[in-house]
Each structure stands twice: as C-alpha cells, then as structure tokens.
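This report describes a sheet, its strands and the helices beside them. The sequence and the model are shown first, and the description follows.

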Amino acid sequence: MSPRLDGARVLVTGAGGQLGRYLRPVLADAGATVIGGGSHTRPGVDRVFDITDEKSVRAAIDAESPAIVIHAAAFTDVDGAERDEAAAHMVNVVGSRHVAGAAVAAGAYLIAVGTDFVFAGDGGAPYDEMAPTRPLSAYGRTKLEGEEAIMCANPAFAVARTAWLYGGGGKHFPRTVLTLLRDRGMIAVVDDEFGSPTFAGDLAVALVQLAAQRAAGVFHLMNEGRASRFGLARAVAESAAYHPEGVTPTTIEEFLAHYPLPARRPGDSTLVNRRAAALGVRLPPWRDAIGRYVPALAAELNLPPATGEE
Ligand SMILES: NC(=O)c1ccc[n+]([C@@H]2O[C@H](COP(=O)([O-])OP(=O)(O)OC[C@H]3O[C@@H](n4cnc5c(N)ncnc54)[C@H](OP(=O)(O)O)[C@@H]3O)[C@@H](O)[C@H]2O)c1
C-alpha cells in the first residue's frame, strides 16, 4: 500500500538518473508535486542546478520550498572516482553538504541514497545498518563522508544505502549481460563477488515509504537475498529466455587479469534490512524483481527468440 503525500512538494536531485526516473511516477502516484533537479537539461529534469555550487543549490531549494528532498544525485562512476577522487569528493561530499544545508534552511526533511561500497566485504556480510564501515574505494570513501555530512546537518535526516542498482535506459548489469549474450552467445561472469541486486523501481517505492514516515538515521534498502554476479547473470539469462548455460563462471582474479579495473570492490557486500523492515518497509526478493523487470528489458533490446529448449 503506497503512502499518501498529497499536496507535498518533493524535490529530487539526480532526477534524470537511473533511480530518479523511477522516483517521479511513484511520487506522482502518491499525490506529491515533483520537482526534478539535475545538473543539465534532460528528461526528468525541471530545474537545472549543480550541487557543487552552493549558491545555485540554495536558490533552487529556497525557490521551490519542498517539504521533502530526495537526494539521489551522486558521482556514481566507481572507477572514475578512483582516477579522480577530488571530483568524486566534490559531488558526493561537498555537493551532499550543500543539499543538506539547503534542506535545513528550508525546513525540509531529506533522505539521501547511500551505497554498500561503504563496507569492505571481506568477512562481515550480511551487513546491517550498525555494522562498521570500511570503504575500499574512493567512491565508497566519498559516499561515506557524504552520509556523515548529511546526518551531521540534521540527525532527523536519513540515508538509505542500496546496492547493485539496475533499471531504466542507462548502463547497468542486466543490460550488459543481455547485450553480451545477444552479441556473443556466451559470457563469463565472476562467481566470487556477492551482493544485493536491487531494482530501481522497487527502491523508489521503498524510499517514498520511508520519506512519508520522515524516518531518521541509516537504513538498508535492497531486494532481499544474496547473489553472486554469476547467479544474477544466470537469472537474467533465464528471465530473457536464454539458455542459462550461456553464462559460465569465472573468478575475480581471472577477470581482472583480462580487464584490470582501478577500483577495488567488496567481495561480499550483501546488506540486510533491519531498521526499515521494523517500520514495515522492505523490498521483494531479488529473483522476483529480476522476473518482473527483465522481460521488459529483453523486449526493449529486441532480443531474438530463445535459443535453448526451455
Ligand atoms: N548504480 C548503482 O549500482 C548504485 C549502487 C549503490 C548506490 N547507488 C546510489 O544510488 C543513487 C542513485 O544512483 P543512480 O544509479 O541513479 O545514478 P546515476 O544514474 O548515475 O544518476 C546520478 C545523477 O546524479 C546527477 N548528478 C551528478 N553530479 C551532479 C551535480 N554535480 N549536480 C547535480 N546533479 C548531479 C546526475 O545528473 P546529471 O546527469 O544531470 O548530471 C545523474 O542524474 C546514488 O546516490 C548512488 O550513489 C547506486
């Protein structure tokens, strides 16, 4: 049951991004007036402002006087952040501080989106909201410092960490899997990296449920369960009616020998949702989400009919 936000003005940063695109219809269904923010004009963006520019953030939030800010904007290129941590810091820390400060000044509630990459993933999983953080990458470090900036601005604000996000028209893991299966027929995927795959559409619903309750503090919002990249890729293949044997297992070591990446990833950053669940907010299991999302993605990619027997 969706909460009602009738008449509430809700400003979304990163409204043109992967998650932002799903937030708008969920908020509109709940009766909210949505103001989409982004750093440049694109679909979903009503008001252009760069969150690294404090004056323009203040001006936008003052002018729109939202009751709620959903802060989904971030520097999300994990390897790009490793190459240029200063640029990631500017958006994820300084930008988050600007958005939180402007929300405080406007008397708005704020919920920001965080990441599983604040965890090292070397033995502590599944991580609940109280688990000690230890990011391995520049992206994780800057997102963690951004969390701290937000909670420091007002302890009544919230950060909802999510993981392995996919959905919509941009680049994401299920799209890469299906594109490679279509183009090459086979794909090798690592079977020793684990996490919580999350459909952006389900995350949008849960975020709005938490925002409607003005929930405070750190939360974990992800589709329930644990997957390896390989297990996820096989589930994607099956949901698109490809033969699952087209996805073969490999190891991180083997993968990195062929495709070196600058940023270290957590080995197992599976999250567990305790605090939001206690408020009645939880997402469906990840396999369920894949089963709902992937057929539409396969149709969008205009995939050829299944090659397997199933
Ligand atoms: N993707 C994942 O796997 C994943 C996993 C865990 C957590 N998260 C978190 O989930 C949230 C949403 O991620 P997403 O996948 O939707 O990201 P995304 O598609 O990359 O969208 C991020 C948005 O941030 C905006 N943005 C970046 N720099 C900005 C700036 N200086 N000023 C204003 N806007 C700026 C971008 O808008 P413009 O295009 O207009 O610049 C873009 O729309 C982020 O907080 C991310 O850290 C993502």
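Which residues of α6 meet which residues of α8? In this predicted model, Phe173, Pro174, Val177, Leu178 and Leu181 of α6 are in contact with Arg229, Leu232, Ala233, Val236 and Ala237 of α8. Sorted by class, this contact comprises 9 nonpolar residues and 1 charged residue, with no polar ones. The two helix axes come within 10 Å of each other and cross at roughly 65°, and the crossing of α6 past α8 is right-handed.

Helix α8, which spans residues 229–239, is mostly covered, with 8 of its 11 residues buried. The buried residues are Arg229, Phe230, Gly231, Leu232, Ala233, Ala235, Val236 and Ala237. Their cover includes not only α6 (173–184) but also β8 (187–190), β12 (227–228), β13 (247–250) and α11 (286–300). Just after α8, Ala241 adopts a positive phi of about 65°.

We turn now to the sheet. An open sheet is formed by 7 strands in the order β3-β2-β1-β4-β5-β6-β11, and their pairing is parallel. At its edges are β3 (47–48) and β11 (217–220), each of which pairs on one side only. Three of the pairings are listed below, with the bridge count and one pair of bridge partners for each.

| Strand pair | Bridges | Bridge partners |
|---|---|---|
| β1 (residues 9–13) and β4 | 4 bridges | Val10 and Ile68 |
| β4 and β5 | 4 bridges | Val69 and Leu110 |
| β5 (residues 109–115) and β6 (residues 158–162) | 5 bridges | Ala112 and Val159 |

Strand β4 therefore appears in two of these rows, paired with β1 and with β5, and its side chains deserve a closer look. In a regular strand, the side chains alternate between the two faces of the sheet. In β4, Ile68 and Ile70 point one way while Val69 and His71 point the other way, and all of them are buried. Of these residues, Ile68 stands opposite Val10, whereas Val69 has Leu110 in β5 as its bridge partner.

A helix also lies across part of this sheet. Helix α5, made up of residues 138–153, lies across β4 (68–71), β5, β6 and β11, and runs at about 160° to β5. Among the strands that α5 lies across is thus the edge strand β11, together with β5 and β6, which are joined to one another by 5 bridges and run parallel.

Notes. Residues numbered from 1 in each chain as written. Predicted model: local features only at pLDDT ≥ 70, side-chain atom pairs only at ≥ 80, totals over all residues. Heavy atoms only, no water. Pairing = 2+ DSSP bridges. Contact = heavy atoms within 4.5 Å. Axes fitted to C-alpha atoms, helices over the stretch in contact; angles between N-to-C directions. Buried < 20%, exposed > 50% of the residue type's maximum accessible area, 1.4 Å probe, protein only. Left-handed = near helix turned anticlockwise from the far one by under 90°. Nonpolar A, V, L, I, M, F, W, Y, C, P; charged D, E, K, R; others polar.
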